[in-house]
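Here is a short set of exercises to work through with the model open beside you. Try each task before reading its solution.

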Amino acid sequence: MRWPRRALLLFLAVVTSCLVWSPVGDAQQPRLGITISSWFIPAANDLLKEMAADWAKQKGVTVDFEFISDTDLVAKFTTAAETGAGPDVLQVASLHPHLYPTKLVDVTDVVTQLESRHGGIVQIAKDAAVVNGRWRAVPFYATPQVLNYREDVLKELGEQPPDTWEDALRIGKKVKARSMFWGEALGHCPVDCITTTYSILWAYGAKEVEKDGKTIALNSPETVKALEFIKRAADEAWPPGVLGWDNSSNNRAFLGGQLAMTINAATIWYAAKRQAPAVFPHINHALIPRGPAGRAAAFWPSSLAVMEHSKQKELAKDLVRYLTDGPQLSRWLEKTEGAGASLLKGLAEKSRDPKLQVIPKAVEWGRLPGWPGPPTREAAEVHAKYLLVDMAQNAVKGMPIPKAVEQAVAEMKRIYGQQ
Amino acid sequence: MGARAIADLAPSQASPRRLGRDAVLGYLWVTPALLLLGTLVAYPFLLALYWSLTSKTAGVAGTFVGLDNFIYLLGDRIFRKTLGNTAVFTVASVSVKLVIGMIAALVLDQAFRGRNLARGLFLLPWIVPTSLSALAWLWIYDDMFGVISRLGMDLGVLRTPIPFLADSLLAMLAIIVVNVWRGVSFFAISFLAGMQSIAGELYEAAAIDGAGAGRRFWHITLPGLRAVMAVATLFSVIWTFSDFTIVHVVTRGGPANSTHLLATLAYQTAIIGGKVGEGLAVSSFMFPFLLVIIFLQLHFLRRSED
Amino acid sequence: MTRTRGPALLGRTVWLYAPLLLLMSFTLFPFWWMLATSLKPDRELYSLQASPLLVKTVTFDHYAALFTEMPFLIWVRNSLVVSFTATLVSLVIGALAGYSLARLRFRGATTLGTIIFVAYLVPTTVLFLPLAYVVHWLGLYNTPFALMVTYPTFLVPFCSWFLMGYFKTIPREIEECAMVDGCTRAGALWRIVVPLATPGILSAAIFAFTFSWNEFIYALTFLQAPAYKTIPVGVIGQVATGEVFFWGKLMAAAVLGSVPIALIYSAVSGQFAAGLTSGAVKA
C-alpha cells in the first residue's frame, strides 16, 4: 500500500512547487489582455509581442499577449461576446463586426486618424468593419488569396500564368499529362474551400443575393455556368481528393511538388523557403483568374477590435492605434515576408520580393460573403454552413446541376426566413 | 462456493438493517457529487435547454420561440443526415471497440515478457491529445502523402492513391477507424482491471473439470465482466455519440455533410454560425437517445443478477 | 517454467503472439509516423521520394524548439497541476458517491445515480458557453482554478459509476466482517474496499487524468493569460497556425505529451495482480 502515499506526496510536492513558481503579476499595473491569431511565421509573432511590450512599458501597463490558432478565434470571440469575460483586444475576422456590433467599441476616431495619415483604406476593409456608418474594428492586414504557380513547369509547357479560369483549366489539363496537377480545395474548410467556390461563382456573375441583401438570386444561368465550370475542372484537371481537402492540403501537395498551380495565400512561399528548397526557386504568384463577369476573390481582412466589456477601453484603443499605425505595421509586415498586405492605401511599400509584387495588388479584388449584397447574418450563416461549397461538391459528384442549385436555394430560403 | 455472486450493478434500494445510519451516510457521501454537479452542471444545462427554445445568438438574448428550432431542424436536410451519421458512427465504433477491446484484454492478461510495457503502449492512443493525433491521421489519409496509399502503391496493390476523405463512405469509415483506434484502450484496460477481480480458483476449478479455454471464457470471464462491460459500454456510447475533435480536425463534417456528427453540427451552428439557440437545439437531440441508452443499460444491469 | 515448444508454442503463437502483434501494430503505427515525423527535418517530410515511416536524417531540432521557442515547460506544468488536481478531486468525490450507490441503501439512490448522467447530455463543445457564465460569476475566469473546478463536472459522473462498478465486484462479506469487528463504514471503505479495488481505481485515475490532459475547449475559452495555458491549447495555438503547420514540432509535442504518461502507467500496471480477492474470501 505504499504507492498511494508516495503518489500523494509526489502530488503535494508538484503542486506546492507550482504554486510557488506561479506568475505573480504586478498588481499595481493595469493588465490588458490581447488575443491574436498566431502567424505561421514565429518572427512575426515575436515582433508583435515585442511591439506591444514596448507600448506597455511606455504606458506603465502589462500586456498579456495570447496567440491562438485562427480557427479557434471564433470560440474565443463567442465566449467574450456572451459572458463579457475575455481579452480587451481581440482580432476579429469574417463578419463579426456585422454580427455583433454592440459588443465592439466604436473606434471611428482611431480609424479616421489612420486614414488621414495613410491615404485611405481599401474598400474590403470598410465592408468588413463599418456597421451603420461607424467603424467597429480597426483594419489590420489581409493575406490575399493569389494564384501560386510553378514558373518552370508553365514555361516548359510554353504557357503564361492563366488570366482566366478557362486558361487555368486548359493549363491544368496539360500539367496533368506531366503527372502534376492544378488543384483547388473543395472540402469543408474555412478558407481555401470558400475561396474556390465563391471566387468562381462571382467570376461567372453568380450571386447569392441581390444588392439589397435579401432577394435570393442564386438560381440563375450564371450559377449554372459556374458550376458547369467547376465540374469540368474537377473531372478534367483537379485530383480526385479535392473534395476532402482542407486548408493545408494544397500547401502540402504544392510543397511536395505535386501541384503546378493552386490558389492560396503566400504561405507556400514561406514554407518552401525553409522546407522545400527544390520547389522554392520556381514559385511565382499571379492574380486570381477572372471569369466572364470579372475578377473576384473571397478572403477577408483581419481587424483589431476593442471589446465592449473591457475595463480600460481608452488604453485598449491606444494599443490598437499603436499596432495598426504605419511605422509598426510596416515593420511587422516586413516580417511576414510578403504574405501580409496592408489595408492602408498610402502605406509606402518597403522592398518586397518581385515574386510577391502581386500580393498588395490582390487586395482590391477581395470580396466578402454576400457580395454584391452587404455582409449580413444570413450571408455569414450560409458561409458557415458551407452551403455553396456543398452545392459545388454535389455538382462534382454527379448531381444534376439544376438539382444542386435548387437544393442550395431551398436551404438559403430557410436561412433567410423565406420558406 | 468460493464464487461470489455478481450483485446487481444498479444502486441499492432501500431495505432493512442499518437503514438509519447507512441512509445518513449515503446521503452525506453523495452530497459532494451532487453539489458539484448541481452548481456547475445543472445551471448551465438548464440554461442551455432554455436557450434552445429561443432565437438566441451570441451576446444577444433571443426571443422565446418554443419548439421552433426543433421543428426547423427536423425539416433540415443537413440535420437529418447528421442524425443518421451519428447513429451509424456510434453503433459501428462502439461495437468494434467492444470486441477488439475484449480480445486485447485477453491478450494483455496473459503472462509474457514486456507485458507491462505493452499495456502502457496500448494506452498511448487514449493518452495523446486527440487534437494532435487527429492531425497525424490527416496525414495518413492524405490523398497524396498518405501512408496507406503510398504503401499500397509501393507494394503494387494500388494504382492511384485512395482519396479517403473525398468520398462519403470512405470518409465515414475513416473517422470510425480513428475513433476505434483511440477508444479500444478504454475497453481493454477496463476489461483488464475487471479480470483481476475474477477469483483465480474459478479458473482452476474449471480447468480441473476439463473445461477448455473457450468454455472458460464464455462461462467465467464473460459473466465476471458483465458489469464492467455494461458500464464501459454505457460510457463509450455516451462519449462516442458526442464525439467532436476527430471530425473537427479530419473532415469538418464533409464531404457534403456526410461525416457531420451532432456535436460538430452543434458547434458549427452555434459558435461559427452564431446561432446559439439553434445549435443548442441540435445538441438537445442527444437527450432522448442518451436517455434511452442509459435506461436500457440500467435495465440490462438489473437483470444480470445471479 | 519450461520453454514452450512444439504444440504449446503453436498455441501460444495463435492465442498470444499473433493477436498481440496485430494489436500493437494497429495501435502504434500512427505513433510510429508521429515519432518519425518528429525526428525528420521538414524537407524530408515533404519529399515524396522519402518514405513516410523511415527517417533518413535524424534531427532533434523539433524537440529542442519546443523548449526554446515556446514555453512548453510552462504548459506541461499547468497541465500537470490541473490534471492532477481534477483527477484527485474527482476520484475522491466519485469514490464516496460510488460507494454510497454501491453499498448503502437509501431512498432515491437509483434516481440520484441516474441524474449524475445529466452532465453528459450536452457536449462540452457547446456547454462551454453557458458554463462560461458560471465560471465568470464564481470569479474563476482566467485562473487555473477555472479548469480544476470545471473538469470534475465531466469526470465525477464517470468516476462515480466506474468505481461503483468495481466496488460491487468486491464481496460484501469482507466489509461486513470488518464492521462486526468494530470498523466503521469509512474505515471499511478506506482500509478494505479501496485496496481491493485498486485496479479499478487506477484505471479510473488514468482515464480521468487523460481526459483532463487532453481537454481543449474549456482550456481555450476559460483562460487567457499565456502563463496558464495547458499543453493542447498552447501547442495548437502556437504551432498549428492556420494552414501552415509545423508538423515536426506538433508531433514532437504529441510524443512528449503522451509517452511519459504511458510509461508511468506501465510502471503502476504491475499492481494489477490476478486473484486479489481470492485470498480474502478464504480468510
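**Exercise 1. A salt bridge in chain A**

Which side chain meets that of A:Arg295 in a salt bridge? Work out what the pair ties together.

Solution. Keep in mind that this is a predicted model.
- Step 1: The partner is A:Asp163, with an N to O distance of 3.2 Å. This fits the cut-off of 4 Å for a salt bridge.
- Step 2: Now place both residues. A:Arg295 is in the loop between S10 and strand S11 (297-298) of chain A, while A:Asp163 is in the loop between helix H7 (151-156) and helix H8 (165-177) of chain A, so the pair links parts 132 residues apart in sequence.
- Step 3: For context, the whole structure holds 34 salt bridges over all chains.

**Exercise 2. The four-stranded sheet**

Find the order of the strands in the open sheet of chain A that has four strands, and say which strands stand at the edges.

Solution.
- Step 1: The order is S8-S9-S7-S10 (chain A), with mixed pairing.
- Step 2: Strand S8 (181-182) and strand S10 (283-286) of chain A each have a single partner strand, so they are the edges, and one side of each lacks a neighbour in the sheet.
- Step 3: Look at one pairing closely. Strand S7 (residues 146-150) and strand S9 (residues 259-264) of chain A run antiparallel and are joined by four bridges. In this pairing A:Asn148 has A:Thr262 in S9(A) as its bridge partner.
- Step 4: Add the helix. Helix H12 (residues 267-275) of chain A packs on this sheet and touches S7, S9 and S10 of chain A, its direction making about 170 degrees with that of S10(A).

**Exercise 3. The five-stranded sheet**

Do the same for the open sheet of five strands in chain A. Which helices pack on this sheet?

Solution.
- Step 1: The strands follow the order S2-S1-S3-S12-S6 (chain A), and the pairing is again mixed.
- Step 2: S2 and strand S6 (138-141) of chain A pair on one side only, which makes them the edge strands.
- Step 3: From one strand to the next, the twist averages 25 degrees.
- Step 4: S1(A) and S2(A) run parallel, joined by seven bridges; A:Gly33 has A:Asp64 in S2(A) as its bridge partner.
- Step 5: Helix H2 (residues 42-59) of chain A packs on the sheet, touching S1, S2 and S6 of chain A, at about 165 degrees to the direction of S2(A). Helix H13 (residues 313-324) of chain A also packs on the sheet, touching S1, strand S3 (89-92), S6 and strand S12 (302-306) of chain A, at about 160 degrees to the direction of S12(A).

**Exercise 4. Two interfaces of chain C**

Describe how chain C meets chain A, and then how chain C meets chain B.

Solution.
- Step 1: 47 residues of chain A are in contact with 40 residues of chain C. The two chains bury about 4100 Å² between them, 66% of it on carbon and sulfur atoms.
- Step 2: One salt bridge is counted between chain A and chain C: A:Glu66 with C:Lys229, whose closest N and O atoms are 2.6 Å apart. Eight residue pairs are in polar contact across this interface.
- Step 3: Turn to chain B. Here 117 residues of chain C meet 108 residues of chain B, burying about 10100 Å², 77% of it on carbon and sulfur atoms.
- Step 4: Across the interface of chain C and chain B there are zero salt bridges and six residue pairs in polar contact. Helix H1 (residues 7-39) of chain C gives the most to the side that touches chain B, with 15 residues.

Technical notes:
Residues are numbered from 1 along each chain as its sequence is written. Chains are lettered from A and ligands numbered from 1 in the order in which they are written. This is a predicted model: local features need pLDDT of at least 70, side-chain atom pairs count only at pLDDT 80 or more; totals for chains, interfaces and linings use all residues. Side-chain values use heavy atoms; hydrogens and water are left out. Two strands pair if DSSP finds at least two bridges between them. Helices (H or I, at least four residues) and strands (E, at least two) are DSSP runs, numbered from the N terminus. Contact means heavy atoms within 4.5 Å. Axes are lines fitted to C-alpha atoms, for helices over the stretch in contact, and angles run from 0 to 180 degrees between N-to-C directions. Buried area is the accessible area (1.4 Å probe) that two parts lose on being put together, summed over both. A polar contact is a pair of N or O atoms within 3.5 Å; within protein, one must be able to donate a hydrogen and the other to accept it, and residues adjacent in sequence count only if both atoms are side-chain atoms.
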